[in-house]
Amino acid sequence: QVQLVESGGGLVQAGGSLRLSCAASGSIFGVNGKGWYRQAPGKQRELVATITSGGIINYGHFVKGRFTISGDNAKNTVDLQMNSLEPEDTGVYYCNFNLRGGGTPWYKDYWGQGTHVTVSS
């Protein structure tokens with residue numbers, strides 16, 4: 001089994017900062033990449049930031065230098081530092097790992113339970 005546990009969401013005023021953390025645990029044999037996605041009410045889930053095991057980073061178009069993703073390959077963790085938050089950043093943030101493990105011989109996506117981020121104006 002593989003589990004993803006997220007932490008760090010909450011309520012913050014516009015212009016504030018939050019740091020999200022996610023740790024993957026269980027029988028993990030390889031990680032292609034990991035990252036964060038979000039879903040605002042009434043909208044589809046969208047990419048926030050991803051990082052490959054080789055360190056290649058991709059950000060959603062709306063990030064505009066405000067967020068920074070980082071990861072620890074040895075610990076199977078991924079963090080998202082979010083600065084200059086805007087009310088439009090409100091939503092549920094999901095951690096994602098594309099990994100091989102949990103008794104499955106191929107790579108597939110695993111998701112965290114989601115953590116709420118609310119940015120007040």
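A residue is called buried here when its relative accessible area is under 20%. Keep that cut-off in mind as you look through these close-ups of a predicted model.

**Close-up 1. A disulfide joins cysteine 22 to cysteine 95.** Let us start with the two sulfur atoms, which are 2.0 Å apart. Cysteine 22 has a relative accessibility of 2%, so this residue counts as buried. Its partner, cysteine 95, is buried as well, at 0%. How many disulfides does a search of the whole structure find? The search finds one. The angle about the S-S bond is -80°, and the link is left-handed. Follow the chain away from each cysteine and you will see that the pair links distant parts: cysteine 22 belongs to strand β3 (residues 18-26) and cysteine 95 to strand β9 (residues 91-101), 73 residues apart.

**Close-up 2. Tyrosine 37 and tryptophan 111 form an aromatic pair.** The two rings meet edge-to-face, with 5.1 Å from centre to centre and 70° between their planes. Planes over 60 degrees apart count as edge-to-face, which is why this pair gets that name. Tyrosine 37 is part of strand β4 (residues 28-39) and tryptophan 111 is part of strand β10 (residues 108-111), so the pair ties together parts that are 74 residues apart in sequence. Is tryptophan 111 buried, exposed or partly exposed? With a relative accessible area of 36%, tryptophan 111 is partly exposed.

**Close-up 3. Two arginines have their charged ends over rings.** Arginine 38 places its charged end over the ring of phenylalanine 62, 3.7 Å from the ring centre. For arginine 45, the ring is that of tyrosine 94, and the distance to the centre is 3.8 Å.

**Close-up 4. Four strands form an open sheet.** Reading across the sheet, the order is β1-β3-β8-β7, and the pairing is antiparallel. Strands β1 (2-7) and β7 stand at the edges with a single partner strand each, so one side of each has no neighbour in the sheet. From one strand to the next, the twist averages 15°. Six bridges hold the antiparallel pairing of β1 with β3; look for glutamine 3, whose bridge partner in β3 is serine 25.

**Close-up 5. Strands β7 and β8 form a hairpin.** Strand β7 (residues 67-72) pairs with strand β8 (residues 77-82) in the antiparallel sense over six bridges. Within this pairing, serine 70 stands opposite aspartate 79 in β8. Four residues lie between the two strands, and in the turn you can find asparagine 76, which has a positive phi of about 55°.

Key:
Residues are numbered from 1 along each chain as its sequence is written. This is a predicted model: local features need pLDDT of at least 70, side-chain atom pairs count only at pLDDT 80 or more; totals for chains, interfaces and linings use all residues. Side-chain values use heavy atoms; hydrogens and water are left out. Rings of Phe, Tyr and Trp (its six-membered ring) pair if their centres lie within 6.5 Å; planes under 30 degrees apart count as stacked, over 60 as edge-to-face and the rest as tilted. Buried means under 20% relative accessible area, exposed over 50%, partly exposed in between (1.4 Å probe, protein chains only). A charge sits over a ring if NZ of Lys or CZ of Arg is within 6 Å of the ring centre and within 35 degrees of the ring normal. A disulfide is a pair of cysteine sulfur atoms within 2.5 Å. Two strands pair if DSSP finds at least two bridges between them. Axes are lines fitted to C-alpha atoms, for helices over the stretch in contact, and angles run from 0 to 180 degrees between N-to-C directions.
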